[in-house]
Structure formats: structure tokens, C-alpha cells
Amino acid sequence: MLTPVTDTDGAPFWEYAARGELRVQACGDCHEPRFPPRPCCPHCQSFSNEWRLTSGRGRIWSYVVPHPPLLPDYAEQAPYNVVVVELEDHPRIRLVGNLVSRAGARLDSLDPRHLRIGARVQVVFGDGGLPQWVLA
């Protein structure tokens, strides 16, 4: 399993995910949500930030089924999908992950034929709090 490389700005995202919460960083002054996390708001240049809880609902904005697998360590789970999910509460925020049959399932647990642009999904959390997605 891949483990995220965290930095100071992104560490809270992973801490919340480990608790089963999908949160996004937002500006503490203008309240504009942003992802990936960063120290300064790109809209008002404020260094104030907050972490907003999301509903965890979204839709598949894009996807790919890599052939051959992008990562050699995952070759035994191929074919697997990589999805880009647009969050329902914050449509300008898109997260990359995998669509699986249930939380913690293998990357190949869902037949790639079930992937559709626009399909409604819900976040679930796998091993170590890794956000994954299931069909809603």
C-alpha cells in the first residue's frame, strides 16, 4: 500500500482522514475552499486557514484504467481504476483516488465496466485512513 507523504500544509488532511473525516482547507478570511492545501490563499493572499468537514459525496469527473499498471507494486491488482472525484459541496475541488466495492477493498474489487463519468460516489476510508470511493 502506498502511504502519503505529508508536509506541514497537508498533514491535517491526513489526520482528519485517519479519523474517518474528509475535510478540505479553506481560507480563514475569505472562506474560499482550496485543494491541495497550501499556506496562502490564492484569492486574497491570507495566511489564515480552517478545515471544513465535507459531506464526502461527489461525482466521477474523470477516470483512467492504466494498462500496464502505473505502479509495479500494484501489478497483481490490475486492471484497477484511478478516479478524479468532484466534491458535491465544493465543485471546484477534485480529489484523486480509487473506486472500490467497499472500504479497504483491493483496487481491483470493482469491475472497470462500472465506471461512468458523472456517477455519484461517497467517500470511505481504507487502511491508514486512505480516502477511497464507493458508488452511492
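How far is the sulfur of C30 from the closest cysteine sulfur, and which cysteine holds that neighbour? In this predicted model, the partner is C41, and the gap between the two sulfurs is 3.7 Å. That is too far for a bond, because a disulfide here calls for sulfur atoms within 2.5 Å. C40 doesn't make it either: its closest cysteine sulfur is also in C41, at 6.7 Å, again too far for a bond. By this rule the disulfide tally comes to zero. As for solvent, C30 counts as partly exposed, with 33% relative accessibility, and C40 falls in that class too, at 24%.

Next comes the nonpolar core. The largest one has 19 residues, and those with the most contacts inside it are L22, I60, V83, L87, L99 and W133. Three elements give two or more residues each: α1 (11-18), β5 (82-87) and β7 (120-125). Of these, β5 puts in the largest share, three residues. L22 has quite a list of contacts beyond its sequence neighbours up to four places away. Among them are F13, L53, L87, L95, V123, F125 and W133, along with R52, T54 and G56.

Then there's the sheet. Three strands line up in the order β2-β1-β3 to make an open sheet, with antiparallel pairing. The edges are taken by β2 (33-34) and β3 (49-53); each has a single partner strand, so one side of each is left without a neighbour in the sheet. Strand β1 (residues 23-27) is joined to β2 by two bridges, and the two run antiparallel. Across from R34 in β2 stands Q25.

How values were computed. Residues numbered from 1 in each chain as written. Predicted model: local features only at pLDDT ≥ 70, side-chain atom pairs only at ≥ 80, totals over all residues. Heavy atoms only, no water. Core = buried A, V, L, I, M, F, W, Y, C linked by side-chain atoms within 4.5 Å. Buried < 20%, exposed > 50% of the residue type's maximum accessible area, 1.4 Å probe, protein only. Helix = DSSP H or I, 4+ residues; strand = E, 2+ residues; numbered from the N terminus. Contact = heavy atoms within 4.5 Å. Pairing = 2+ DSSP bridges.
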